Amino acid sequence: MVSKASESRLYTFSGESKAHLRKFRLTTSRAKEPQAVIYLIDKNTHEIRQDEDQVVYKSLEEIGDDLPDHSPRFVLLSYPLTMPDGRMSCPYVLLYYLPITCNAETRMLYAGAKELMRNTSEVGKIIDIESVEDLEEIPEKLKSE
């Protein structure tokens, strides 16, 4: 088992990325529409950072359009919804996108950073997905909490 100390030495967040994570979490808590950002791990530096475009996605379909076919990603998602009892909720979750087609080395790289990403982004829960089609089930998974 990898200890937290070695985990945090292996992976890094720039100060800018940490500030962005905090700002995103705080600004999305009262959002009226879904908001998401995609993070990746730089294979050379092991820095966990946002995609170059720094897009804020407004729908699950938009996220699906930008997820790569053979490489994992971390997706931070704030998803406002009405619960079965009628109250409003805005869960803040980490989608751990791990396509079955990615290679073992990449799989291990992302698996090792999963808890660090969870803790640094301060999400309430992690939802594992293997394909873009799995995004369609996210609203139901969030409502069943």
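Which backbone nitrogen does a side-chain oxygen of Asn 103 reach at the start of H4? The answer comes at the fourth stop of this tour, which passes through a predicted model.

**Stop 1: the whole chain**

Begin with the entire chain in a cartoon representation. Its secondary structure amounts to five helices and seven strands. Read from the N terminus, the elements follow the order α-α-β-β-α-β-β-β-β-α-β-α. The radius of gyration is 15 Å, close to the 15 Å that the globule rule gives for 145 residues, so the chain is as compact as a globular protein of that length. Along the principal axes, the C-alpha atoms fill a box of roughly 45 × 30 × 30 Å. Colouring by accessibility would show 46% of the 145 residues as buried.

**Stop 2: strand E1 and its hairpin**

Select residues 35–41, which form strand E1. Are the residues of E1 buried or exposed? Seven of its seven residues are buried. Gln 35, Val 37, Tyr 39 and Ile 41 point one way from the strand, while Ala 36, Ile 38 and Leu 40 point the other way.

Ile 41, which belongs to E1, merits a separate selection. Its relative accessibility is 4%, so Ile 41 counts as buried. Add Arg 73 to the selection: the two residues are 32 apart in sequence, yet their C-alpha atoms lie 7.8 Å apart in space.

Next, extend the view to E2, residues 48–50. E1 and E2 run antiparallel and are joined by three bridges. Within this pairing, Leu 40 has Arg 49 of E2 as its bridge partner. The two strands form a hairpin with six residues between them. In the turn, select His 46, whose phi is positive at about 60°. Most residues other than glycine have a negative phi. His 46 is a residue other than glycine with a positive value.

**Stop 3: from E3 to E6**

Select residues 73–78, strand E3, which pairs with E1 in the antiparallel sense over five bridges. Two positions help to align the strands on screen: Gln 35 has Ser 78 as its bridge partner, and Tyr 39 stands opposite Phe 74.

Strand E3 is mostly covered, with six of its six residues buried. On one side are Arg 73, Val 75 and Leu 77, and on the other Phe 74, Leu 76 and Ser 78.

E3 also pairs with E6, again in the antiparallel sense, over six bridges. To find the register, display Leu 76 and the residue opposite, Leu 94 in E6.

**Stop 4: helix H4**

Now select residues 104–121, helix H4. At 1.5 Å a residue, its 18 residues should span 26 Å, and the end C-alpha atoms are 25 Å apart, which agrees. The helix nevertheless has a kink of about 40°, centred on Lys 114.

At the start of H4, display the side chain of Asn 103: one of its oxygens reaches to within 3.2 Å of the backbone nitrogen of Glu 105. This contact answers the opening question.

Which residues of H4 are buried? They are Thr 106, Leu 109, Tyr 110, Ala 113, Lys 114, Leu 116, Met 117 and Ser 121. An α-helix has 3.6 residues a turn, so residues three or four places apart point the same way.

After the helix comes Glu 122, with a positive phi near 60°. Glu 122 is found in the loop between H4 and E7. Its relative accessibility is 46%, so Glu 122 counts as partly exposed.

**Stop 5: the crossover and the end of the chain**

Show E6, residues 92–97, together with E7, residues 125–129. These strands pair in the parallel sense over five bridges, and Val 93 has Lys 125 of E7 as its bridge partner. In which sense does the chain cross from E6 through H4 to E7? This β-α-β crossover is right-handed.

Finally, select Glu 137, in the loop between E7 and helix H5, residues 138–143. With a relative accessible area of 41%, Glu 137 is partly exposed. Add Leu 60 to complete the tour: 77 residues separate it from Glu 137 along the chain, while the C-alpha atoms of the pair are 10.0 Å apart.

Definitions and conventions
Residues are numbered from 1 along each chain as its sequence is written. This is a predicted model: local features need pLDDT of at least 70, side-chain atom pairs count only at pLDDT 80 or more; totals for chains, interfaces and linings use all residues. Side-chain values use heavy atoms; hydrogens and water are left out. Helices (H or I, at least four residues) and strands (E, at least two) are DSSP runs, numbered from the N terminus. The expected span of a helix is 1.5 Å times one less than its number of residues. The bend at a residue is the angle between axes fitted to the seven residues ending there and the seven starting there. Buried means under 20% relative accessible area, exposed over 50%, partly exposed in between (1.4 Å probe, protein chains only). A polar contact is a pair of N or O atoms within 3.5 Å; within protein, one must be able to donate a hydrogen and the other to accept it, and residues adjacent in sequence count only if both atoms are side-chain atoms. Two strands pair if DSSP finds at least two bridges between them. A crossover is right-handed if, with the strands pointing away from the viewer, the path from the first strand over the helix to the second runs clockwise. The radius of gyration is taken over C-alpha atoms; the globule rule is 2.2 Å times the number of residues to the power 0.38.
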